[in-house]
Amino acid sequence: MAFAQNAVVTIAHVGPTSGAIAHLGKDNENGAKLAVEELNAAGVTIGGKKVTLKLMTEDDAADPKQGTAVAQKLADAKVSGVVGHLNSGTTIPASSIYSDAGIPQVSPSATNPKYTRQGFKTAFRLVADDAQLGGTLGRYAVKELKGKAIAVIDDRTAYGQGVAQEFSKAVEAAGGTVVAKEFTTDKATDFSAILTTIKGKKADVVFFGGMDAVAGPMLRQMKSLGINAKFMGGDGICSTELVKLGGDAIADNQVYCAEAGGVEGQQKVGMDAFKAKFKAKFGTEVQVYAPYVYDGVNLMVAAMVKAGSSDPAKYLPVLAATKDYKGVTGNISFDNKGDILNGALTLKTVKGGKLSDIAVIR
């Protein structure tokens with residue numbers, strides 16, 4: 001019996017599978033499910049033993065308190081690794097619990113720089129961070145969109161504030177002018193007061209640091225108030241759901257956003273194949289980060305196989321030393337902080353009711 005128990009390796013996925021951004025959490029969870037299913041079908045041998053991978057899925061509801069409660073639960077369950085969380089606001093507080101427990105954590109989507117700057121050996125990130133994301137978007141607003149009067153709104157979360165701050169810094173460094181700094185919450189539905197202020201400042205670009213669930217209604221209210229500004233945001237709004245939520249309030253080439261990752265050239269073939277496989281299995285399009293979760297699970301298991309052990313203490317150094325792992329999201333290598341080396345960004349716009357790529361930037 002002891003052997004049978006040893007032969008099950010548990011990996012956890014955490015994301016918001018309830019609440020306003022449940023569509024993003026489920027997208028990520030499906031990426032994990034697909035990876036585990038394929039690995040089990042192919043057969044995984046660790047240290048000479050055939051193992052079955054078990055996926056433990058938890059919901060953090062994008063809430064920092066629930067995020068830490070879940071992290072404690074996973075630490076107590078002694079899982080071999082965690083792929084998650086989705087939001088910076090949950091990923092950062094959970095990371096100290098995983099660090100104390102010595103459990104490797106790979107976040108597929110948390111972009112706040114603080115996550116990997118706490119000195120934890122267990123924290124890894126598969127995407128570019130806010131300094132890169134906000135910085136690139138800020139320069140783009142001034143240089144390419146020729147924004148003269150730029151308004152910035154954030155949702156007061158670790159992610160929203162972080163990306164808005166980096167965006168504002170980059171706008172000013174590029175010679176642009178931030179005419180308004182407003183804030184809302186990640187649960188708000190009425191933006192008339194802040195949008196009226198922004199309209200009075202004659203903003204030609206509005207940047208929102210936050211998620212698609214808030215950005216969709218905000219775009220509709222901008223339209224009803226007659227604000228024809230360009231609308232920008234980070235990866236939190238760069239989803240297929242935003243297009244549905246904004247609907248006819250989104251004009252062609254009005255919305256500009258960036259995904260904190262990206263593939264080009266030959267690597268697009270693998271990503272397109274993944275998206276087709278994902279749609280065939282789950283009957284839904286990839287939102288944003290399912291491919292990064294899929295890579296996170298595969299990467300973690302590859303490190304266990306290479307180390308000959310699913311014991312975190314034994315495979316963690318192998319995971320940290322990952323060099324040029326070929327994932328569907330591109331080649332993955334980590335720097336000494338656990339950040340992805342040479343992370344890409346994909347700039348996108350909405351055209352004809354679809355998200356389309358403008359360029360991949362490194």
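In this predicted model, helix H2 brings Asp27, Asn30, Gly31, Lys33, Leu34, Glu37 and Glu38 against Phe274, Lys277, Phe278, Lys281 and Phe282 of helix H10. By class, this contact of H2 with H10 is made up of four nonpolar, two polar and six charged residues. Apart from this helix pair, the briefing covers an open sheet of seven strands and a helix, H7, that lies across E7, E8 and E9.

**Packing of H2 and H10**

- Helix H2, which spans residues 22-42, packs on helix H10, residues 267-282, at an angle of about 95°, and the two axes are 11 Å apart.
- Because angles of 65 to 115 degrees count as roughly perpendicular, H2 is described as roughly perpendicular to H10.

**The seven-stranded sheet**

- The strands of the open sheet follow the order E8-E7-E9-E10-E11-E14-E15, and their pairing is mixed.
- Strand E8 (178-183) and strand E15 (354-361) stand at the edges, and since each has a single partner strand, one side of each is left without a neighbour in the sheet.
- On average, and with direction ignored, neighbouring strands of this sheet are turned by 20° against each other.

**Strands E7 and E8, and helix H7**

- Strand E7, residues 150-154, runs parallel to E8, and five bridges join the two strands.
- Within this pair of strands, Ala151 stands opposite Ala180 in E8.
- Helix H7, residues 192-200, lies across E7, E8 and strand E9 (205-209), and the helix runs at about 175° to E8.

Key. Residues numbered from 1 in each chain as written. Predicted model: local features only at pLDDT ≥ 70, side-chain atom pairs only at ≥ 80, totals over all residues. Heavy atoms only, no water. Pairing = 2+ DSSP bridges. Helix = DSSP H or I, 4+ residues; strand = E, 2+ residues; numbered from the N terminus. Axes fitted to C-alpha atoms, helices over the stretch in contact; angles between N-to-C directions. Contact = heavy atoms within 4.5 Å. Parallel < 35°, antiparallel > 145°, perpendicular 65-115°, else oblique. Nonpolar A, V, L, I, M, F, W, Y, C, P; charged D, E, K, R; others polar.
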